[in-house]
Amino acid sequence: MSATLAVRLFLSSAGESNDSVIVGDIYSADLEVKNRRNILIPCGSPPQPRRYSVAPGRYVVSATLPSGLVLTENAVAVEGEETSVEFHMTDSPYETHSWQYLMGNIEPGRVYHSSSEAPLAESVASRSMVAPAATATVADDATPEAAVALTGLATWVGDAAPTSCTFASMLALAENPPDRPVAQLVAQGEPHVLRAPDVRGDAVTPLYRFGPNGPVGAHGESPGTRQFLVVEAAGSVRLVTLPLPWGTSEVEVLVNLRQSPTGSAASVAVRDPAVGAGLAYMAQGALDMAAQLFTDVGAMLNSKFQNPLAAAAGAYVLIGTDHSTGEAYWDPWLERLAGSFRWLSDGAILRAVRQLRRASPDREGARKGLIEAFDRGIPFYTLGLVWLVEGLSAFPDDPECGERLDQARRLSWLADMREPFLILDLRQGSA
């Protein structure tokens, strides 16, 4: 006896591809029937369903969103028939923001467009860069953003100077606010002020997109190995790490100038259909879920590294979920990742953490690797900063490690820990 459940999740459509994959489960009401864990659920507008064979009976199907929210649907599987199980995430504030809505970076439309009260922030990172406190109310016929002038400036740094990417340089920007624009101090060449996207609602929550050659639709010089977006509003400054290039996939940066109960003031999402949601799971600490999407980590690490940033993401997930302490077949791949890309401090962090976690730790090798990683500059991944702090903490009596640990810790206080890629709040102004 067998039946089929056809599972999918609908997103709002903006006339473009919103394809993605998230993780879910199928739970049977019959205790004697085995549950199906970690199923893959296609998302899109509309997506093709993923079909799963089950025994006839009643089921609860769950979909775990990258934000941590869990959606559930009841289903009755009939022998010899296909039963549709459909989830809907079509309440995005704007269709252009549906990917960000799926990732949990912006609230539902019914909350976003509410005119009664500014939404309550769930974390420090959810605070607006410019909006009033959550208790501030506005007139019944006004929107929350009408209570304050919401304006911001986004500047693309296409080729950051290596000296500006050091821990000391970043801390100096935060601790001693300069009299020159941050973008000019970080850029090796001339930074480019970006025009806000001409989409309804983007004055409040502008969405910027970047491709392999920089801002989508812009024409400029070929970018370098480190790219940033500097976001300024009401004296507050966010330095946003751009994970570019990411193959042919675009990268989105959502700037939320109003207080949000779910998202951050600035959020980065990679529109990679295969692993985009996996990056968001990784940022939430759900490495086991991320591992379900990073199924080709071996290929990513053993390839010619056409996308070293994706390979590093896969390595974070691999090390975080593989608890073996002996020599692994993928250890040489970490060596290649660490040695082939000197601009990628994440590679050196990954190798050093792996050396520390073995049954017989290579403490001297790990120590040298952590120092090297620090000296390469700030990592791309927020998890990389966390692991660097943890690694350096393993050498409390080492002066070289102690000095670097102090700077890494202080920089971590400026980082939005909910984001997959490093975003620093330089804490200028009153925000």
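Before I turn to the helices, one definition: an axis here is a line fitted to C-alpha atoms, for helices over the stretch in contact, and angles run from 0 to 180 degrees between N-to-C directions. Please also keep in mind that what we are looking at is a predicted model.

Let me begin with the chain as a whole, which has 13 helices and 16 strands. Of its 431 residues, 55% are buried, and if we take the contacts with a separation of 6 or more, 69% of them are accounted for by residues 24 or more positions apart.

Now to the packing of helices, where two packed helices are described by the angle between their axes and the distance between the axes. I will start with helix α11, residues 363–376, and helix α13, residues 399–412, whose axes are 11 Å apart and which pack at an angle of about 45°. An angle counts as oblique when it is neither under 35 degrees, nor over 145, nor from 65 to 115, and α11 and α13 are therefore oblique to each other. The crossing in which α11 passes α13 is left-handed. On the α11 side, the contact is made by R367, I371, F374 and D375, and on the α13 side by E400, C401, R404, Q407 and A408. Sorted by class, the residues of this contact come out as 4 nonpolar, 1 polar and 4 charged.

The helix α11 also comes up against helix α12, residues 382–393, with the two axes coming within 10 Å and crossing at roughly 140°. That angle makes α11 oblique to α12, and the crossing of this pair is left-handed. Here L370, A373 and F374 of α11 meet L388, G391 and L392 of α12, and by class the contact has 5 nonpolar residues, 1 polar residue and no charged ones. If you follow F374 on the screen, you will find it listed both in the contact with α12 and in the contact with α13.

A helix elsewhere in the chain lets us ask about burial: which residues of helix α3, residues 167–175, are buried? They are F167, M170, L171, L173 and A174. Looking down the axis of α3, we see these buried residues fall within an arc of 155°, so they line one face of the helix.

I would like to finish with three single residues, beginning with T64, which sits in strand β5, residues 57–64. Its relative accessible area is 9%, and buried means under 20%, so T64 is buried. Setting aside neighbours within four places in sequence, T64 is in contact with I22, V23, G24, L69, V70, Y281 and M289.

The second residue, A265, lies in the loop between β14, at 251–255, and β15, at 266–270, and with a relative accessibility of 2% A265 counts as buried. Along the chain A265 and R238 are 27 residues apart, while their C-alpha atoms are separated by 8.4 Å.

The third is V78, in the loop between β6, at 70–77, and β7, at 82–89. Is V78 buried, partly exposed or exposed? At 34% relative accessibility, V78 counts as partly exposed. Apart from neighbours within four places in sequence, V78 is in contact with S2, A3 and T83. From C-alpha to C-alpha, V78 and L5 are 9.3 Å apart in space, although 73 residues separate them in sequence.

Terms used. Residues numbered from 1 in each chain as written. Predicted model: local features only at pLDDT ≥ 70, side-chain atom pairs only at ≥ 80, totals over all residues. Heavy atoms only, no water. Buried < 20%, exposed > 50% of the residue type's maximum accessible area, 1.4 Å probe, protein only. Helix = DSSP H or I, 4+ residues; strand = E, 2+ residues; numbered from the N terminus. Arc of directions from axis to C-beta. Left-handed = near helix turned anticlockwise from the far one by under 90°. Contact = heavy atoms within 4.5 Å. Nonpolar A, V, L, I, M, F, W, Y, C, P; charged D, E, K, R; others polar.
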